[in-house]
Structure formats: structure tokens, C-alpha cells
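Subject: A structure for you to explore

Hi there,

Here is the structure I promised to pass on to you. Have a look at it first, and then read my notes below.

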Amino acid sequence: MKCTRDGNFSTGELQRFGNIELSPSAGVLNYGQGLFEGLKAYRKGDGNILLFRPEENALRMKVGAERMCMPSPTVEQFVDAVKATVLANKRWVPPPGKGSLYIRPLLMGSGAVLGLAPAPEYTFLIYVSPVGNYFREGVAPINLVIEHELHRASPGGTGGVKTIGNYAAVLKAQSAAKAKGYSDVLYLDCVHKKYLEEVSSCNIFIVKDNVISTPAIKGTILPGITRKSIIDVARSEGFQVEERLVAVDELLEADEVFCTGTAVVVSPVGSITYKGRRVSYVEGGFGAVSQQLYTVLTRLQMGLIEDKMDWTVELN
Ligand code: PMP
């Protein structure tokens with residue numbers, strides 16, 4: 001789907017996956033006008049397909065587009081395009097329990113622009129790929145390292161939206177961490193260098209005495225849709241959940257730590273290393289709280305329990 005600055009996207013069309021043509025002076029290539037989303041489609045036992053909260057991705061893209069001076073498709077256009085793309089790629093949705101179809105909507109400034117300014121034309125596209133687990137550990141505990149020199153986001157910046165440059169900003173620390181055997185990097189706030197923010201591609205939660213805490217959304221972390229869903233699931237399961245500043249020292253006392261995201265779902269954290277000191281949590285699996293939340297969320301996403309929240313969209 002394409003549009004000019006007026007923001008009215010044309011009706012899209014389905015195309016075979018392949019390279020696309022872009023001007024060397026496209027806004028996205030020169031000035032980083034790009035946003036993406038990520039969501040998943042799961043196959044149910046009866047063969048139908050479930051999408052999880054696609055309108056939340058549409059709304060997040062709208063907020064991000066506003067920050068990046070881009071027009072965005074309407075929520076209806078976004079969700080219809082996701083549905084059409086998934087239905088056209090139905091055969092790639094893995095059987096129940098064997099993974100999911102990852103859906104990647106992408107919005108970019110595709111028009112040519114030389115001086116620094118918003119691009120004159122925008123393209124919205126969606127591609128899909130079957131996926132299994134995100135971390136090579138599967139759903140086994142992941143090992144994080146806290147980064148205290150490089151930051152992914154600063155107050156007033158773009159850390160709270162899903163713009164492509166945020167991911168370029170984490171590559172260096174993430175590659176270094178992976179080379180040392182860690183699964184990923186946990187970032188601290190760049191002002192006090194003391195409060196937890198998030199991991200390169202997921203949100204973080206800690207559990208202490210059955211109270212669940214997660215860093216509050218304040219512009220420098222991505223408002224994850226899984227984060228929001230887990231907060232609702234946890235409260236409906238009777239847990240107290242706090243969205244607040246979570247200090248790095250609290251990691252020393254936590255009973256459990258886990259990450260949430262579309263790709264990682266709910267992943268238990270096995271250890272966190274900070275300035276050479278390693279704090280370990282669960283041995284070889286989930287802690288009790290993250291296990292409970294993982295089970296409810298994944299059953300909901302796969303259509304194995306009643307969707308009382310009305311979060312899933314069924315396609316056949
Ligand atoms: N933080 C970052 C930086 C991410 O890239 C993601 C993945 N979109 C998340 C958190 C989790 O967001 P969601 O639950 O919507 O996938």
C-alpha cells in the first residue's frame with residue numbers, strides 16, 4: 001500500500017516475496033523514517049488460525065508514525081491487510097504446538113528526499129515467515145547481561161516507538177553480549193544508570209514475594225503488547241502487579257525474573273550479569289509465577305482456553 005503525505009493509503013495488493021525497488025534517496029534509507037510491527041498467527045486444533053490483538057499493533061504503529069512524521073494506515077486498513085496476508089499464506093502457519101507464523105508489517109518513507117525532511121511518499125507492506133522459539137535456549141532460562149555504557153533510548157528520543165533506528169542502536173551491545181555467550185542485553189536508564197528499562201527486543205518483569213513488578217512506560221521503553229497482556233492476565237489470576245521504577249539492585253533480591261514479547265512470549269531469565277557479578281534465578285526451567293502466566297497466555301493465543309478477554313481474531 002502506498003500514500004503521499006496526505007495520509008490516504010491506496011488499497012493494497014498481494015505480491016510474491018521478493019526485492020523491492022527504492023530510490024537511493026528514499027527517506028527510510030537516509031533519515032531512518034521506518035517503523036515496524038511484529039505479531040503472530042497460531043494454528044488451532046480445528047485448522048483455523050488465530051491472530052493475537054492485531055488492532056494493538058495497528059494502534060502502536062499509529063503512535064509511532066506520528067513521532068516519526070509519517071502517515072499511517074488506519075486500524076481497519078492495518079488489520080485487514082494482516083488478515084489478507086495471513087490467509088494468502090495459510091499453508092505456512094505451522095500445525096498446533098509446532099510454532100507460529102510471524103507477521104512483520106513495515107511502514108517506511110519510500111519517497112525520495114535530499115535535504116532533511118519527511119519523505120514525500122510512504123509504503124506500507126507486510127511479509128510473513130514461519131518461526132519456532134526466539135532464543136536458542138527455547139523456553140529454557142536465558143542469560144542476560146546488563147549494559148551500562150551503551151544505551152538504546154534516551155528521554156525525548158524514539159525509544160518508546162518501534163522505529164528501525166532503535167534496533168540499529170542495540171546491535172553493538174547485543175553482538176558483544178552474544179559473542180560472550182549471553183542470550184541478550186538488559187538496558188538501564190541513561191540518566192541515573194540505575195533503573196531497569198528493557199531487553200533489546202522484549203520487556204522485563206521481576207517477581208518478589210508473589211508481587212510482580214515491571215518498569216513503567218515513560219517514553220524510553222517499548223509499550224509491549226505482551227507486557228500489557230501479561231499484566232492483565234496476572235491481575236486476573238490474582239497477582240498484584242506494579243508498574244514503577246525498578247532499581248537494578250532489586251535484581252539481587254528477586255525470586256524470579258522473566259521477559260515478555262511477541263517473539264519471546266514469556267521467557268524465564270536464568271541469570272543476570274552486572275559489572276562481572278552474576279545473579280542466578282531458576283535452575284533449568286520456569287519459576288512458578290512465570291510458568292503460570294506463560295501457560296495462560298499461550299493457551300489463550302492458541303485457542304486452548306476460552307478467550308474471555310476477546311483478544312484473539314479467528315480466520316479460516
Ligand atoms: N521491547 C522491544 C524493544 C521490542 O522490540 C519488543 C518486541 N516488539 C518488545 C519490547 C515487546 O513488545 P511486544 O510484546 O509487543 O512484542
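**Three helices and their buried sides**

Helix H2 covers residues 54–67, and at 1.5 Å a residue its 14 residues should span 20 Å; the C-alpha atoms at its ends are 20 Å apart, so the two agree. The expected span here is 1.5 Å times one less than the number of residues. Helices (H or I, at least four residues) and strands (E, at least two) are DSSP runs, numbered from the N terminus.

Before we go on, please keep in mind that this is a predicted model: local features need pLDDT of at least 70, side-chain atom pairs count only at pLDDT 80 or more, and totals for chains, interfaces and linings use all residues. Residues are numbered from 1 along each chain as its sequence is written.

Which residues of H2 are buried? They are Pro54, Asn57, Ala58, Arg60, Met61, Gly64 and Ala65. Seen down the axis of H2, these buried residues fall within an arc of 165°, so they line one face of the helix. "Buried" means that 20 or more other C-beta atoms lie within 10 Å of a residue's own, "exposed" means 12 or fewer, and "partly exposed" is in between, with C-beta atoms placed from the backbone. The arc is that of the directions from the helix axis to the C-beta atoms. An α-helix has 3.6 residues a turn, so residues three or four places apart point the same way. Just after H2, cysteine 69 takes a positive phi of about 60°.

Helix H3 (residues 75–88) also has 14 residues, which should span 20 Å at 1.5 Å a residue, and its end C-alpha atoms are indeed 20 Å apart. Phe78, Ala81, Val82, Thr85 and Val86 are the buried residues of H3. They cover an arc of only 130° around the axis, which puts them on the same side of H3. On the face turned away from that buried side you will find the exposed residues Glu76 and Ala88. What do the buried residues of H3 pack against? Their partners are H2 and the strands E3 (39–43), E4 (49–52), E5 (100–109), E6 (121–131) and E16.

For H7, 14 residues at 1.5 Å each should span 20 Å, and the distance between its end C-alpha atoms, 20 Å, agrees. Its buried residues are Val289, Ser290, Leu293, Tyr294, Leu297, Leu300 and Gln301. Around the axis they cover an arc of only 140°, which puts them on the same side of H7. Glycine 303, just after H7, has a positive phi of about 75°.

**Lysine 162 and the ligand**

The UniProt annotation "modified residue: N6-(pyridoxal phosphate)lysine", from an unreviewed entry, covers Lys162. UniProt positions are given in the numbering used here, feature names are shortened, and annotations may be inferred rather than shown by experiment. You will find lysine 162 in the loop between strand E7 (142–147) and helix H4 (164–179). Is lysine 162 buried or exposed? Lysine 162 is buried, because 23 other C-beta atoms lie within 10 Å. Leaving aside neighbours within four places in sequence, lysine 162 is in contact (C-beta atoms, placed from the backbone, within 7 Å) with Leu35, Phe36, Glu37, Arg60, Gly64 and Leu222. Arg60 and Gly64 also appear among the buried residues of H2.

Now for the shell around the ligand. Of its 13 residues, Gly224, Ile225, Thr226, Gly261 and Thr262 come nearest. The elements that give two or more residues to this shell are helix H5 (225–236) and strand E13 (256–261). H5 gives the most, with three residues. A residue is near a molecule if its C-beta atom, placed from the backbone, lies within 6 Å of it.

**Two loop residues**

Lysine 193 sits in the loop between strand E8 (184–188) and strand E9 (196–199). Its phi is near 50°, a positive value in a residue other than glycine. With 12 other C-beta atoms within 10 Å, lysine 193 is exposed.

Aspartate 310 lies in the loop between helix H7 (288–301) and strand E16 (312–315). Aspartate 310 has a positive phi of about 60° although it is not a glycine. It counts as exposed, because it has 7 C-beta neighbours inside 10 Å.

Enjoy exploring!

Best wishes

Terms used: Two residues are in contact if their C-beta atoms, placed from the backbone, lie within 7 Å.
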